[in-house]
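Here is a short tour in questions and answers. Where does the ligand sit, and what surrounds it?

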Amino acid sequence: MPDKNGFPHFMLKEIFEQPQGLRDTIMPRISVQEGDVHIASEVRIDRHELRALKRINIVASGTSRHAGLAGQYMFQDLAHVFADVDYASEFEYRNPPIGPEELAIVITQSGETADTMAAQRLARKKGSRSIAITNVVNSTVANEADGVLYTHAGPEISIASTKAFTAQMAVLFLVSMYLSQVREQLSRESSLRWIDELTALPEKTEATLRCADTCRELAQRYHRFEDFLFLGRAVHYPVAMDGALKLKEVSYVHAEGYPAGEAKHGPKAIIDEDLPVVMIATCDPNDEGSKVRFDKSLADLRAYKKQGAKIIALASEGDNQIAKLADHTIFIPQAPELLAPILEIVPLQLFAYYVAVAKGLDVDRPRNLVKAVTQE
Ligand code: BG6
């Protein structure tokens, strides 16, 4: 059993290991000078097949599926390939009309989740190629895939997945960038810019971890609340989903992740002083779409404040609007939209961890959960 290196729990240790996990996952696969992503030997699908690709089917469970949801935005924005995301446990039931010219990407920390394994087998039986993204070398899902990309996050012991999640999103970004380079959809200039942003991620994650004390204080203040609503737009919505899942997994608090725009069509009815709202309201000032979404988040915050909501917001460093509206604001370093989720999940992991600690729960071995569900 690995050591906790002086941390009280594996979950906290693994949260703080994310900068190194990202460094080990990203740096060996990129060339900073050329701006290239070098993963052909891991993808093991030749270039003309990747050029002919019509659709990507991402299949996974739990936190890995949330990484897949973020990957969907990366594949569609960068590589302009239609990408769909499925719960592995539901995949076979929808009898997916898939076949050649389609790629199944299965994401699994353990590589042994039965639903994900079955989904990969079904996709391959229907003629689709498959790539596995996993954290365990020679796991079953890895050994049954055409291509394999390992997340080098190191062994993940705590049942709630943290460092594997950020490494999975980094790998998905690398695959979408590689695909867009193979399909000649990314200029050299853009490639170099994205490579710069990727190399800056580990340090920005280190900077984000400095919010740990703020997250502990917020957990002290909010650990008696019984319901939470996490909201995010676009690629930030999967972060809201996983923030809610972390809280459920380790602190047994009911929490829901929801697309912020969709909240107006129902959940808004339950927002009041008893339902804290966690809003991901970061903004990339170089991205017009991001600025439009930011303004919508501001309008939401104003509306929810009128309903008496207590608001915990994630904002980008340098923002001076969100903090005027939210009860509590956690600032994270600036990052482009598609990479911001890798930073945004960190405070939500820490908040869930400290709520569980404040409730005196067994953080690493939450009740009724296992690290890998090996039975369907
Ligand atoms: C659950 C774990 O059993 O399986 C979650 O408790 C995890 O943390 C999910 O996200 C999926 O696991 P894997 O290994 O397929 O990513």
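**The ligand and the pockets**

Q: How far is an oxygen atom of the ligand from an N or O atom in the side chain of Glu-249?
A: This is a predicted model. Polar contacts here are pairs of N or O atoms within 3.5 Å. The side chain of Glu-249 has an N or O atom that pairs with a ligand oxygen, at a distance of 3.4 Å.

Q: What share of the ligand's accessible area does the protein cover?
A: On its own, the ligand has 390 Å² of accessible area. The part covered by the protein is 93%.

Q: Which residue has a polar side-chain atom 2.7 Å from an oxygen atom of the ligand?
A: A backbone N or O atom of Gln-109 lies 2.7 Å from a ligand oxygen. That contact is made by the backbone. The polar side-chain atom 2.7 Å from a ligand oxygen belongs to Ser-110.

Q: Which helix gives the largest share of the shell around the ligand?
A: The ligand has 14 residues around it, and Ser-64, Thr-108, Gln-109, Ser-110 and Thr-113 come nearest. By class, the shell holds three nonpolar, nine polar and two charged residues. Its largest share is three residues, from residues 62–78, helix H5.

Q: What is the volume of the largest pocket?
A: The ligand sits in the largest pocket. The volume of this pocket is about 590 Å³.

Q: How many residues does H5 give to the lining of the largest pocket?
A: The lining has 27 residues, and Ser-61, Gly-62, Thr-63, Glu-249 and Val-373 are closest to the centre of the pocket. At least two lining residues come from each of H5, helix H6 (88–91), strand E5 (102–108), helix H7 (114–125) and helix H12 (237–251). H5 gives the most, and its number is five.

Q: How many charged residues are in the lining of the largest pocket?
A: Sort the lining by class. It has 10 nonpolar and 12 polar residues. The charged ones number five.

Q: Which element gives the most to the lining of the second largest pocket?
A: The second largest pocket holds about 270 Å³ of space. Its lining has 14 residues, with Arg-193, Trp-194, Asp-284, Pro-336 and Glu-337 nearest the centre. Two elements, H5 and helix H10 (188–208), give two or more residues to this lining. With three residues, the element that gives the most is H10.

Q: How many polar residues are in the lining of the second largest pocket?
A: Six lining residues are nonpolar, and six are charged. The polar ones number two.

Technical notes: Residues are numbered from 1 along each chain as its sequence is written. This is a predicted model: local features need pLDDT of at least 70, side-chain atom pairs count only at pLDDT 80 or more; totals for chains, interfaces and linings use all residues. Side-chain values use heavy atoms; hydrogens and water are left out. A residue is near a molecule or strand if one of its heavy atoms lies within 4 Å of it. A polar contact is a pair of N or O atoms within 3.5 Å; within protein, one must be able to donate a hydrogen and the other to accept it, and residues adjacent in sequence count only if both atoms are side-chain atoms. Accessible areas come from the Shrake-Rupley method with a 1.4 Å probe; for residues, only the protein chains shown count as cover. On a 1 Å grid over the protein atoms alone, a cavity is a set of points where a 1.4 Å probe fits but cannot get out, and a pocket is an open set with protein on both sides within 12 Å along at least five of seven lines; lining residues have an atom within 4 Å of a point. A molecule sits in a cavity or pocket if more than half of its atoms lie within 2 Å of its grid points. Helices (H or I, at least four residues) and strands (E, at least two) are DSSP runs, numbered from the N terminus. Ala, Val, Leu, Ile, Met, Phe, Trp, Tyr, Cys and Pro count as nonpolar, Asp, Glu, Lys and Arg as charged, and the others, Gly among them, as polar. Grid points are joined across faces, edges and corners, and a volume is the space filled by probe spheres set on the points.
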